[in-house]
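Here are some notes for a colleague who is opening this entry for the first time. Please read them with the sequence and the structure side by side.

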Amino acid sequence: MKHKVAPSLLAADFTKVADEIQMVNDSTADWLHLDVMDGRFVPNITFGMLMVDAAKKLCTKPLDVHLMIVEPEKYVEAFREAGADVITVHYEACPHLHRVVQQIKATGAKAGVALNPHTPAAMLEDVIEHIDLVCVMSVNPGFGGQKFIYNTIPKVRRLKDLITVRNAQTLIEVDGGVGLQNAEKALQAGADVLVAGSSVFKAEDPSGAIDRLKDIGGEIARFA
């Protein structure tokens, strides 16, 4: 299987969100990405469990839920119950990261850990074997539509090397400003999952934009 594409609902038109999700259902996308922001960990507020629950009722693809919130351990079970298939927390928000990863896995969801642009790959050396996905933030989290930070590409390579050395099964996801102009570089560096917001939902042909991202050569994904 080729790399995965996960359109980010944050960039969708919320006056017709059901139609936007149906477009994802009908497309070659693999996951639907949902950005949960609390106005504390990041300077923006988006949506919570109710939106995840609504998306689960409409979406036929797995829900990739990215918690950009403080104290995510308080909400893991609630987001799983709402329908999250992958739950990603931020390294920077989890002083007891291994415990939170185990908490996520205990719910039956896949466990992801996100790294802000300034956080080194080495911070995951002691947990890389225990997580299913590492999300490399290629913008500063908090807002959609930002420009891709190319300095995060070497981080993807370092994470790929770490995963290989440890013989881990962890996927690498790149999130933020991803489009045709940079997706190939991310995939060549070792990315397995591309999160795409504006480059999909703001395109004249969103489904076609997903197809073009899928057509770029990349790594083999390791879980469905």
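1. A residue is called buried here when its relative accessible area is under 20%, and exposed when that area is over 50%. Please keep in mind throughout that this is a predicted model.

2. With that cut-off, M51, V52 and A55 of helix α2, which spans residues 49-58, are buried. They cover an arc of only 100° around the axis, and therefore they lie on the same side of α2. As general background, an α-helix has 3.6 residues a turn, so residues three or four places apart point the same way.

3. What do the buried residues of α2 pack against? Their partners are the helices α1 (17-26) and α3 (76-82), together with the strands β2 and β3 (63-68). On the other side of α2, by contrast, L50 and K57 are exposed.

4. The strands are best followed in their order across the sheet, which is open and consists of eight strands arranged as β1-β8-β7-β6-β5-β4-β3-β2, with parallel pairing. At the edges stand β1 (4-7) and β2 (32-37), each of which pairs on one side only. Neighbouring strands of this sheet are turned against each other by 25° on average, with direction ignored.

5. At the β1 edge, the partner is strand β8 (residues 193-196), and the two pair in the parallel sense over four bridges. Within this pairing, P7 stands opposite A196 in β8.

6. Finally, consider helix α4 (residues 97-106), which lies across β4 (86-90) and β5 (110-115) and runs at about 145° to β5.

Note on methods. Residues numbered from 1 in each chain as written. Predicted model: local features only at pLDDT ≥ 70, side-chain atom pairs only at ≥ 80, totals over all residues. Heavy atoms only, no water. Pairing = 2+ DSSP bridges. Axes fitted to C-alpha atoms, helices over the stretch in contact; angles between N-to-C directions. Contact = heavy atoms within 4.5 Å. Buried < 20%, exposed > 50% of the residue type's maximum accessible area, 1.4 Å probe, protein only. Arc of directions from axis to C-beta.
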